[in-house]
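The following exercises are to be worked through with the sequence and the model at hand. Each task is followed by a solution in steps.

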Amino acid sequence: MLEIAEPLVDSRRPEHCLLPGEAIGLGYRVRGKSLLEQIDLRIEGRGTSVILGPNGAGKSLLLRLLHGLLEPTQGEVRWGGKPLDPSLQRSQAMVFQKPVLLRRSVAANLRFVLTLEGRPPRRVLDSRINQLLEGVGLREQAEQPARLLSGGEQQRLAMARALALNPQVLLLDEPTASLDPASTAAIEGIVERCVQAGMRVLFVTHDLGQARRLADEIIFIDQGRVTERTPAASFFEQPQSQAARDYLAGRLRF
Ligand SMILES: Nc1ncnc2c1ncn2[C@@H]1O[C@H](COP(=O)(O)OP(=O)(O)OP(=O)(O)O)[C@@H](O)[C@H]1O
């Protein structure tokens, strides 16, 4: 298994306090069709909320709305009591199933993010890039074109890029869906260290083993509605909603 060196997460915290995150009467409709409806959620404290639910339930839409990539058609999203603006948005980071990387070197992908808001001294910049690459086990590939990395390596680079600006909240949309078990374990290890360092994680997955390993609580979504929110231990023993029981038993619902 890949050994990932410390430290990955910078101990300096961003200036904004993002928590709590709130979805208040949140809804999203497209062409008269309701895709998410009446979502009320409060995200606070530490740890990892794993979002489960069948295909098409609205999990990715919820993450995109929480991250401000989509505008709700009903209700609102607030972080730290305020609507998400670009500066608050930079205090959170999202990683997608398919990493979207620049056609540049591995190090240049990180340099790009780290110089978005000004150019730190070269020594500081290089040291942070090395720290991030060390943290995700990619130090030796620093000068390699990012597009030549394997799928697992690309996703580790995407994680490093997400962590570059010390987000307080990490939104992960099936980041290991196309990865093998070793690469999946590497990503899970990075996520665990982020949680230990105080980040709040929202993690969408269909991998129930992964949900058991990572979740402090489960948020279950079915047909655009949150049907339950339960501590992880009791969710797997005793899901409260029929939708969740069907999902765990592998029964299709139409
Ligand atoms: N921009 C859009 N316009 C119209 N329909 C959309 C749009 N985005 C998503 N949808 C639909 O909304 C529903 C929820 O999509 P979403 O991607 O959130 O599901 P999901 O729970 O993440 O599913 P999966 O587990 O398959 O990734 C789906 O039926 C999808 O087709």
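**Exercise 1.** Determine which residues surround the ligand in this predicted model, and sort them by class.

*Solution.* Step 1: the residues around the ligand are Val30, Leu35, Gly53, Asn55, Gly56, Ala57, Gly58, Lys59, Ser60 and Leu61. Step 2: assign classes, with Gly counted as polar. The shell then consists of five polar residues, four nonpolar residues and one charged residue. Step 3: look for the element that gives the largest share. Helix H1, residues 59–67, provides three residues of the shell, and this is the largest share.

**Exercise 2.** State whether the peptide bond from leucine 19 to proline 20 is cis or trans, and locate proline 20 in the chain.

*Solution.* Step 1: omega of the bond between leucine 19 and proline 20 is near 0 degrees, and the bond is cis. Step 2: proline 20 belongs to the segment that precedes strand S1 (21–30).

**Exercise 3.** For glutamine 38 and glutamine 223, give the sign of phi, then find the place of each residue and decide whether it is buried, partly exposed or exposed.

*Solution.* Step 1: glutamine 38 is not a glycine, yet its phi is positive, at about 50 degrees. Step 2: this residue is placed in strand S2 (residues 33–43). Step 3: a buried residue needs 20 or more other C-beta atoms within 10 Å, and an exposed one has 12 or fewer. Glutamine 38 has 14 C-beta neighbours inside 10 Å and therefore counts as partly exposed.

Step 4: glutamine 223, also a residue other than glycine, has a positive phi near 45 degrees. Step 5: its place is the loop that joins strand S9 (217–222) and strand S10 (225–231). Step 6: because 16 other C-beta atoms lie within 10 Å, glutamine 223 is partly exposed.

**Exercise 4.** Describe how helix H5 and helix H6 are arranged relative to each other, and list the residues through which they meet.

*Solution.* Step 1: two packed helices are described by the distance between their axes and the angle between them. Step 2: the axes of H5 (residues 151–163) and H6 (residues 181–196) come within 9 Å and cross at roughly 15 degrees. Step 3: angles under 35 degrees count as roughly parallel, so H5 is roughly parallel to H6. Step 4: the crossing of H5 and H6 is right-handed. Step 5: H5 contributes Gly152, Gln155, Arg156, Met159 and Leu163, which meet Ser183, Ala186, Ile187, Ile190 and Cys194 of H6. Step 6: by class, this contact of H5 with H6 contains six nonpolar, three polar and one charged residues.

Conventions
Residues are numbered from 1 along each chain as its sequence is written. This is a predicted model: local features need pLDDT of at least 70, side-chain atom pairs count only at pLDDT 80 or more; totals for chains, interfaces and linings use all residues. A residue is near a molecule or strand if its C-beta atom, placed from the backbone, lies within 6 Å of it. Helices (H or I, at least four residues) and strands (E, at least two) are DSSP runs, numbered from the N terminus. Axes are lines fitted to C-alpha atoms, for helices over the stretch in contact, and angles run from 0 to 180 degrees between N-to-C directions. Angles under 35 degrees count as roughly parallel, over 145 as roughly antiparallel, 65 to 115 as roughly perpendicular and the rest as oblique. A crossing is left-handed if the near helix is turned anticlockwise from the far one by less than a right angle, and right-handed if clockwise. Two residues are in contact if their C-beta atoms, placed from the backbone, lie within 7 Å.
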